[in-house]
Amino acid sequence: IEAAIGLLDLLFQHARQADPGAALTGKVLVVDHDPVSSRLVVSALRLAQLQARRTDTSAEAIRLLQEQLYELLLLDAELPGMTGFDLCKVVRTLPAYEKTQVIYLTGHRDFESCARSILTGGEDVILKPVLPMELALKAIMHLLKRQVQ
């Protein structure tokens, strides 16, 4: 709720400068090794009118990030090989991705995991199993925040 209120305040501050006809656009890359979870995430994002693409490996994610610019990344914290936390550190070294919004998807509810999410460059955490409405709302919030900053 605090994040939503902060975003609304930011949006109202910039409302007079914004183009009222501008639509929200957003290319989202979902990196999750669980095919059921990643399909659910992509479906929820597409229902929110966002352009979502998924992959299940860190190596493929890095390749996709170098080929096309994504405005939001959803990373599974527990990817095989390279964790989502490690992937985020690599992403932050890519020239176009120093400030790209990152949301972690995780089943870990402990304080250490949530703290690690923020310390490794993430802006938010969504707990698994993912609730499609929460996911869509958070994705839109982060994309709007990026557009007005």
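1. A word on terms before we look around: helices (H or I, at least four residues) and strands (E, at least two) are DSSP runs, and both are numbered from the N terminus. With that in hand, take proline 129, which sits in the loop between strand 5 (124–127) and helix 6 (132–148). The peptide bond that joins lysine 128 to proline 129 is cis, with omega at about 0°. Most peptide bonds are trans, so this is a spot worth a look. Keep in mind that what you have on screen is a predicted model.

2. Now the overall layout. The protein chain has 6 helices and 5 strands. Read from the N terminus, the elements go α-β-α-β-α-β-α-β-α-β-α. Of the 149 residues in the protein chain, 42% are buried. The surface that the protein chain exposes comes to about 8,500 Å², and carbon and sulfur atoms supply 59% of that.

3. How do the contacts spread along the sequence? Take the contacts in the protein chain between residues at least 6 apart in sequence: 64% of them join residues at least 24 apart. The points below give some examples of residues that come together from separate elements.

4. Begin with strand 1 (residues 27–31) and strand 2 (residues 51–55). These two strands pair in the parallel sense, over 5 bridges. One of the bridge pairs is valine 31 with threonine 55, the latter in strand 2. Helix 2 (residues 35–47) joins in too: strand 1, helix 2 and strand 2 make a β-α-β unit, and the unit is right-handed.

5. Between helix 2 and strand 2 there is a loop, and glutamine 49 lies in it. Is glutamine 49 buried or exposed? Glutamine 49 counts as exposed because its relative accessibility is 64%, and the cut-off for exposed is over 50%. Its backbone deserves a glance as well: phi is near 65°, a positive value in a residue other than glycine. Most residues other than glycine have a negative phi.

6. Next comes another β-α-β unit, made of strand 4 (residues 101–106), helix 5 (residues 111–119) and strand 5, and this unit is right-handed. Strands 4 and 5 run parallel, joined by 4 bridges.

7. Isoleucine 103 is a good place to zoom in on strand 4. Which residue of strand 5 is the bridge partner of isoleucine 103? The partner is aspartate 124. In sequence, isoleucine 103 and aspartate 124 are 21 residues apart, but C-alpha to C-alpha they are 4.7 Å apart in space. Isoleucine 103 is buried, because its relative accessible area is 0%, where buried means under 20%. Leaving out residues up to four places away in sequence, isoleucine 103 touches a list of residues including Leu72, Leu73, Leu74, Leu75, Val125, Ile126 and His142.

8. Glutamine 101, also in strand 4, is a polar residue to check by eye. Why does glutamine 101 count as buried? Its relative accessible area is 6%, and the limit for buried is under 20%. The side chain of glutamine 101 makes a polar contact with the side chain of histidine 142, at 2.8 Å. Apart from residues up to four places away in sequence, glutamine 101 touches Glu71, Leu72, Leu73, Glu123, His142 and Arg146.

9. If you like rings, how many aromatic pairs does the structure hold? The structure holds 1. Phenylalanine 85 and tyrosine 104 form this pair, which is tilted, with 4.9 Å centre to centre and 50° between the planes. The pair links distant parts of the chain, since phenylalanine 85 is in helix 4 (residues 84–91) and tyrosine 104 is in strand 4, 19 residues apart. Phenylalanine 85 and tyrosine 104 are both buried.

10. Last stop: alanine 136, in helix 6. Alanine 136 counts as buried because its relative accessibility is 11%, against a limit of under 20%. Setting aside residues up to four places away in sequence, alanine 136 touches Ala44 and Ala48. There is also arginine 46, which is 90 residues from alanine 136 in sequence and 8.9 Å away in space, C-alpha to C-alpha.

Definitions and conventions
Residues are numbered from 1 along each chain as its sequence is written. This is a predicted model: local features need pLDDT of at least 70, side-chain atom pairs count only at pLDDT 80 or more; totals for chains, interfaces and linings use all residues. Side-chain values use heavy atoms; hydrogens and water are left out. Two strands pair if DSSP finds at least two bridges between them. A crossover is right-handed if, with the strands pointing away from the viewer, the path from the first strand over the helix to the second runs clockwise. Buried means under 20% relative accessible area, exposed over 50%, partly exposed in between (1.4 Å probe, protein chains only). A polar contact is a pair of N or O atoms within 3.5 Å; within protein, one must be able to donate a hydrogen and the other to accept it, and residues adjacent in sequence count only if both atoms are side-chain atoms. Contact means heavy atoms within 4.5 Å. Accessible areas come from the Shrake-Rupley method with a 1.4 Å probe; for residues, only the protein chains shown count as cover. Rings of Phe, Tyr and Trp (its six-membered ring) pair if their centres lie within 6.5 Å; planes under 30 degrees apart count as stacked, over 60 as edge-to-face and the rest as tilted.
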